[in-house]
Amino acid sequence: MRRQNPVPSPRGRPRSFDTDAAVERAMGVFWSRGYHATALPDLLRATKLSRGSLYAAFGDKHSLFLRALDRYVAEALTRMDVEFDKEPVDGLRAYLAGYVDRTSGANGRRGCLLVATAMELAGRDAEVDRRIASFFKAMEARVADALSRAKAAGKLADGVEPSSAAKILLCFVEGLRVVGKTAPTRITSQAAVDALLDRFIR
């Protein structure tokens, strides 16, 4: 009779919390307070984790922040993919309509986690720099693709070059997020969007 080796028992206790939910809650704290102003007790209260559980799951505050930033970026890119999954001009309008919503009134006051992070940490944190640069590159590529498709359909104004226009739109929407901190009305944000689109679209 062949002797069977015993099956090793799992080491440690299994996690009894939703990691994604914890990252989501932590993201909200970083978004509201900023990286440096967020203290460990703030994260423990938000995630409802003990110090030991938080460190076991995420390592440290910086690692948790990077996880939160990755989540924010992934959600933004997924949203853009949905917005651009249509006729290109309609996609551009949907993309910009999202920014009107996020930069008006109370939504605008909250601001953008990525913009706030860039202002606080860019040039001082290599991991953050890499994520911000990657996000902007991915966003610009999606906008340039929509503009290229619009050009192929004959819907871009004369002289508009998709890659240059994409860079302008990137700067424009991120500028809207900064101006949004002053809580402009929806009419104000929409007027700015309409004025820019009128320069690009036939």
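These legends accompany an overview and several close-up views of a predicted model.

**Figure 1. The whole protein chain, an all-helical fold with 10 helices and zero strands.** Following the sequence from start to end, you will meet the pattern α-α-α-α-α-α-α-α-α-α. The protein chain is more spread out than a compact globule, because its radius of gyration is 22 Å, well over the 17 Å that the globule rule gives for 202 residues. Along the principal axes, the C-alpha atoms occupy a box of roughly 80 × 50 × 30 Å. For contacts with a separation of 6 or more, 71% join residues 24 or more positions apart.

**Figure 2. Surface and charges of the protein chain.** The accessible surface amounts to about 11600 Å², and carbon and sulfur atoms supply 55% of that area. Buried residues account for 44% of the 202 residues. If you are setting up electrostatics, here are the charges: the chain carries 33 positive and 24 negative ones, and the mean positions of the two sets lie 7 Å apart.

**Figure 3. Y95 and its contacts in the largest nonpolar core.** This core has 63 residues, and within it Y95 and V143 touch the most other members. Leaving out residues up to four places away in sequence, Y95 is in contact with M80, E83, F84, R102, M139, V143 and V173. V143 therefore appears twice in this view, once as a fellow residue with the most core contacts and once as a direct partner of Y95.

**Figure 4. T103 and S189, two buried residues in contact.** T103 sits in the loop between α5 (88-102) and α6 (105-110). Its relative accessibility is 1%, so T103 counts as buried. Beyond its neighbours within four places in sequence, T103 touches G108, L176, R177, G180, P184 and S189. The last of these partners, S189, belongs to helix α10 (residues 186-200). With a relative accessible area of 3%, under the 20% cut-off, S189 is buried too. Setting aside residues up to four places away in sequence, S189 touches V100, T103, S104 and P184. Look for P184 in both contact lists: P184 is a partner of T103 and also of S189.

**Figure 5. K48, a residue with positive phi in a loop.** Most residues other than glycine have a negative phi. K48 has a phi near 60 degrees, a positive value, and is not a glycine. You can find K48 in the loop between α2 (40-47) and α3 (51-58). Is K48 buried or exposed? K48 counts as exposed, because its relative accessibility is 68%, which is over the 50% cut-off.

**Figure 6. A183, another loop residue with positive phi.** A183 has a phi of about 60 degrees although it is not a glycine. The loop that holds A183 runs between α9 (162-179) and α10. A183 is partly exposed, with a relative accessible area of 27%, a value that falls between the 20% and 50% cut-offs.

**Figure 7. D20 in helix α1, shown together with L43.** D20 is part of helix α1, which covers residues 19-33. At a relative accessible area of 47%, D20 is partly exposed. How far apart are the C-alpha atoms of D20 and L43? They are separated by 14 Å, while the two residues are 23 residues apart along the chain.

Note on methods: Residues are numbered from 1 along each chain as its sequence is written. This is a predicted model: local features need pLDDT of at least 70, side-chain atom pairs count only at pLDDT 80 or more; totals for chains, interfaces and linings use all residues. Side-chain values use heavy atoms; hydrogens and water are left out. Helices (H or I, at least four residues) and strands (E, at least two) are DSSP runs, numbered from the N terminus. The radius of gyration is taken over C-alpha atoms; the globule rule is 2.2 Å times the number of residues to the power 0.38. Buried means under 20% relative accessible area, exposed over 50%, partly exposed in between (1.4 Å probe, protein chains only). Contact means heavy atoms within 4.5 Å. Accessible areas come from the Shrake-Rupley method with a 1.4 Å probe; for residues, only the protein chains shown count as cover. Lys and Arg count as positive and Asp and Glu as negative; His and the chain ends are not counted. The place of a charge is taken as NZ of Lys, CZ of Arg, CG of Asp or CD of Glu. A nonpolar core is a set of buried Ala, Val, Leu, Ile, Met, Phe, Trp, Tyr and Cys residues joined through side-chain atoms within 4.5 Å.
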